[in-house]
Amino acid sequence: LALAATACGGDDESGGSKSSGELSGTVTWWDTSNVGSEDKVFKKIAEGFEKKHPKVDVKYVNVPFGEAQNKFKNAAQAGSGAPDVIRSEVAWTPEFADLGYLAPLDGTAALKDDSDFLKQAAASTKYKGKTYAVPQVIDSMGIFYNKKMFADAGVEPPAKIADLKTVAEKIKKKTGKTGLYLRGDDSYYFLSFLYGEGGDLVDADAKTVTVDNAAGVKAFGVVKDLVDSGTAKTDATDGWENMMQSFKNGDVAMMINGPWAVADTLTGKEFTDKANLGISTVPAGTAGQGAPQGGHNLGVYAGSKNLDASYAFVEYMTSVEAQAQTAGELNLLPTRTSAYSKKEAVNSEIVQFFKPVVETAVERPWIPETGSLFAPLNVEYTKVLTGQTTPEKAAKATGDSYRKLLKGWK
Ligand SMILES: C[C@H]1O[C@H](O[C@H]2[C@H](O)[C@@H](O)[C@@H](O[C@H]3[C@H](O)[C@@H](O)[C@@H](O[C@H]4[C@H](O)[C@@H](O)[C@@H](O)O[C@@H]4CO)O[C@@H]3CO)O[C@@H]2CO)[C@H](O)[C@H](O)[C@@H]1N[C@H]1C[C@@H](CO)[C@H](O)[C@@H](O)[C@@H]1O
């Protein structure tokens, strides 16, 4: 596995020869997984592909999640420097497909046993009747909690927002620590509170923006109150780092997060005994309980000069064996139904916890604009949590941004 220092593309030297039937050439793969935890396992699996196809050289490039979407769009648009295979987050996939940057995979070697994929995982790979990527992982969110801190304070995982506040009060009294770390620089962490008040960002079927309705305003009020009441602490920047450090060091008793955070969490001093990590459903709001559906697909760049090897690589990386390995080693959720009966998935408490959560997770519309809904929401969400705007103004400003973005929507 040649570790390319910089993102470089499927240039013509990588052209694989099909004549011998044996795959050959280079496959450059942009992986967005977390460095130091997830990436090690994904690299290992990719090396297995090279062993199986000795004439293929996989160039592994790790591109940070926050940069990969634009980096790929820029390279694809310029027609130079794009990878052969991209780890495409669920909301990036319809956008890349709409732009023509992904090769349709129907009928290719990339798409094997596609009836084996969970329908909600497959949904984000379909666009205008074609399949543009293969689901690699699916995820949702839950409350991660420190079992020892909970036991010391004599509290149970909170089922409702009111319980969350009570639990936090008891933890503060007993340990002086803040109950929850609520990530403030990524509004994906707001969605379970929005759903809890019966809200959503948009109603795609009705082509209506809904983030600024009464439920949306209420949800902004709920998260503002969590911070103002001392139930939660937050930051306007470096949210991921601050959240992970706070929880791993026992500075907070809870965080809302997903399976992609587990491997890193277990390296924390509070979780050397991994049994100390508890996971529970996100607390319900006044209208119900719901967590968002996220995840990642593998797509083949439409301009790849080595389509055959790229198709085979995508199939290998999303195979039931690969998914069993990431379930066992990283507690990531498979997207193949068959992978859930593999022992690695059966033996993972995290996978078993999240399976029903993902089955009932709130789906988003898989339209090209879906990913663009977060940038404006991030601005207002952060301002609400840091007292720079009111729930009413935040909801309105977000709704106005959405109506500019979604032409003709109400
Ligand atoms: C702002 C962004 O909004 C959206 O992203 C949503 C996303 O749609 C949601 O689904 C959700 O993603 C979950 C994800 O499902 C979940 O799996 C997990 O991912 C783990 C991996 O598991 C882990 O392996 C590792 O990779 O690390 C990953 C991350 O931890 O957690 C994710 C949530 O973090 O939330 C995202 C919002 O964050 C847009 O799509 C853009 O990304 C946009 N960013 C660009 C927008 C450009 C201008 O438009 C701007 O110029 C650029 O600079 C910005 O970069």
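Guide: Two residues are in contact when heavy atoms of theirs lie within 4.5 Å. The model discussed here is predicted. Leaving aside neighbours within four places in sequence, glutamate 156 is in contact with Phe150 and Val167.

Visitor: Why is glutamate 156 called exposed?

Guide: The term exposed requires a relative accessible area over 50%. Glutamate 156 has 61%, and it is therefore classed as exposed. The residue is found in the loop between α5 (147-153) and α6 (161-175). Its C-alpha atom is separated by 9.8 Å from that of tyrosine 145, 11 residues away along the chain.

Visitor: Helix α6 begins after that loop. Why does isoleucine 161, in helix α6, count as buried?

Guide: The cut-off for buried is under 20% relative accessible area. Isoleucine 161 stands at 14%, so the residue counts as buried. Not counting residues up to four places away in sequence, isoleucine 161 touches Phe193, Val222, Leu226, Pro283, Ala284 and Gly285.

Visitor: How far apart in space are isoleucine 161 and proline 283?

Guide: Their C-alpha atoms are 5.5 Å apart, although 122 residues separate the two in sequence.

Visitor: What makes phenylalanine 193 a buried residue?

Guide: The relative accessible area of phenylalanine 193 is 3%, and buried means under 20%, so the label follows. Phenylalanine 193 is found in helix α7 (residues 191-196). Beyond four places in sequence, this residue touches Ile161, Leu182, Ala219, Val222, Val223, Leu226 and Ile256. Its C-alpha atom and that of glycine 294 are separated by 16 Å, with these positions 101 residues apart along the chain.

Visitor: Why is serine 124 called buried?

Guide: Serine 124 has a relative accessible area of 1%, which is under the 20% limit, and therefore counts as buried. This serine lies in the loop between α4 (119-122) and β5 (126-127). The residues that serine 124 touches, apart from those up to four places away in sequence, are Val90, Thr93, Pro94, Asn297 and Trp366.

Visitor: What makes the pairing of the side chains of serine 124 and asparagine 297 a polar contact?

Guide: A polar contact needs a pair of N or O atoms within 3.5 Å, one able to donate a hydrogen and the other able to accept it. The side chains of serine 124 and asparagine 297 make such a contact at 3.0 Å.

Visitor: Why does glycine 81 count as partly exposed?

Guide: Glycine 81 is at 30% relative accessibility, and partly exposed is the class between under 20% and over 50%, so glycine 81 belongs there. Glycine 81 is located in the loop between α2 (65-78) and β4 (85-89). Between glycine 81 and lysine 71, the C-alpha to C-alpha distance is 9.3 Å, for 10 residues in sequence.

Visitor: What is the phi of aspartate 238, and what is that of asparagine 331?

Guide: Most residues other than glycine have a negative phi. Aspartate 238 has a positive phi of about 55° without being a glycine. Asparagine 331, likewise not a glycine, has a positive phi of about 60°.

Visitor: Are these two residues buried or exposed?

Guide: Aspartate 238 has a relative accessible area of 53%, over the 50% limit, and is therefore exposed. Asparagine 331, at 14% relative accessibility, is under 20% and so counts as buried. Aspartate 238 lies in the loop between β12 (232-233) and α9 (239-248), while asparagine 331 lies in the loop between α12 (320-330) and α13 (343-346).

Visitor: What makes helix α11 mostly covered?

Guide: Of the 11 residues of helix α11 (residues 307-317), 8 are buried. Among them are Tyr311, Phe313, Val314 and Met317, as well as Glu315.

Visitor: How do you know that the radius of gyration of the protein agrees with that of a compact globule?

Guide: For 410 residues, a compact globule would have a radius of gyration near 22 Å; the protein has 22 Å, so the two agree. Along the principal axes, the C-alpha atoms fill a box of roughly 70 × 55 × 35 Å. The protein has 16 helices and 15 strands, and 57% of its 410 residues count as buried.

Visitor: What share of the contacts joins residues at least 24 apart in sequence?

Guide: Among contacts between residues at least 6 apart in sequence, the share is 75%.

Visitor: What do carbon and sulfur atoms supply of the exposed area, and how far apart are the mean positions of the charges?

Guide: The protein exposes about 16200 Å², of which carbon and sulfur atoms supply 51%. The mean positions of the 46 positive and 52 negative charges are 3 Å apart.

Terms used
Residues are numbered from 1 along each chain as its sequence is written. This is a predicted model: local features need pLDDT of at least 70, side-chain atom pairs count only at pLDDT 80 or more; totals for chains, interfaces and linings use all residues. Side-chain values use heavy atoms; hydrogens and water are left out. Helices (H or I, at least four residues) and strands (E, at least two) are DSSP runs, numbered from the N terminus. Buried means under 20% relative accessible area, exposed over 50%, partly exposed in between (1.4 Å probe, protein chains only). The radius of gyration is taken over C-alpha atoms; the globule rule is 2.2 Å times the number of residues to the power 0.38. Accessible areas come from the Shrake-Rupley method with a 1.4 Å probe; for residues, only the protein chains shown count as cover. Lys and Arg count as positive and Asp and Glu as negative; His and the chain ends are not counted. The place of a charge is taken as NZ of Lys, CZ of Arg, CG of Asp or CD of Glu.
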